[in-house]
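Thanks for coming. I will put the structure up now and then walk through it.

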Amino acid sequence: WEPSRLFEAYADKPDMPLGYPGPQILTLDPGAMDEFDLILELDSAFFIRGARETPKALWAIDNHVRDYADSDADYFFGGHSWGWGSDRKDFHWLPSCYDPTEHHEIPIIKKTYHMGFFGVMYQHRRELIDRLGEHGYLIAGQGVFRAEYNVAYNQCFMGMCLSARGDVPHRVFENAAQGLLVFADNQPDLAKLGMVDGEN
């Protein structure tokens, strides 16, 4: 997919080609990273390489579906308490979150839809959305970001948080902050975060 098409409505779209599958290695000139205090790698699509003395931390948000063997980070944080790297001695669990400036209730917006979902349309998500759509009024799609994302979810009573593979996605926290009832599958880390099925 081309980010120029996916993010065409946004001024701050990525200015580099993104390719899948597999990570891309971005190599910087030797010493180019020494002007920084800390380097952060926050996703699994790119790894920055080059001579450096600056410490590097990796937040492996997708450690439930892919490995991070191509990263040479000094500090390893996994987005999920299990999955790739969770058996490393230097592993630290850093779960997903939400941004209160981006994800919040907008009381003046009328709730129109029973449920909403905005994210990657994996086959199992599409199938569930189709089945639920036979019994309620749903809104779903992908390529919706920032203010539009928040406005779209604020039109819903419930948010569907069907994980890719048992992971707790950002969407769980974002939907809760938006005042939605979170409709989620069995995501083991929810219990580790203190959430009780049927109560929270």
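How much area does the protein chain expose, and what share of it do carbon and sulfur atoms supply? The protein chain exposes about 11800 Å², and carbon and sulfur atoms supply 55% of that. Accessible areas here come from the Shrake-Rupley method with a 1.4 Å probe, and for residues only the protein chains shown count as cover.

Before going on, some ground rules. This is a predicted model, where local features need pLDDT of at least 70 and side-chain atom pairs count only at pLDDT 80 or more, while totals for chains, interfaces and linings use all residues. Residues are numbered from 1 along each chain as its sequence is written, and side-chain values use heavy atoms, with hydrogens and water left out.

The protein chain has 5 helices and 10 strands; these are DSSP runs numbered from the N terminus, helices being H or I of at least four residues and strands E of at least two. Of the 200 residues in the protein chain, 35% are buried, meaning under 20% relative accessible area, with exposed over 50% and partly exposed in between (1.4 Å probe, protein chains only).

Now the sheets. One open sheet has 4 strands in the order β2-β4-β5-β6, with parallel pairing; two strands pair if DSSP finds at least two bridges between them. β2 (39-41) and β6 (91-93) each have a single partner strand, so one side of each is left without a neighbour in the sheet. Between β2 and β4 (residues 56-60) there are 3 bridges, and E41 has L58 in β4 as its bridge partner.

Another open sheet of 4 strands runs β8-β7-β9-β10, again with parallel pairing. Its edge strands are β8 and β10 (181-184), each pairing on one side only. From one strand to the next, the twist averages 25°; axes are lines fitted to C-alpha atoms, for helices over the stretch in contact, and angles run from 0 to 180 degrees between N-to-C directions. α3 packs on this sheet, touching β7 and β9, and its direction makes about 155° with that of β7. Contact means heavy atoms within 4.5 Å.

Which residues of α3 are buried? They are Y149, N150, A152 and Y153. They cover an arc of only 160° around the axis, which puts them on the same side of α3; the arc is that of the directions from the helix axis to the C-beta atoms. Their cover includes β7 (113-118), β9 (156-161) and α4 (170-177).

Last, F145 lies in the loop between β8 (138-141) and α3 (146-153). F145 is partly exposed, at a relative accessible area of 28%.
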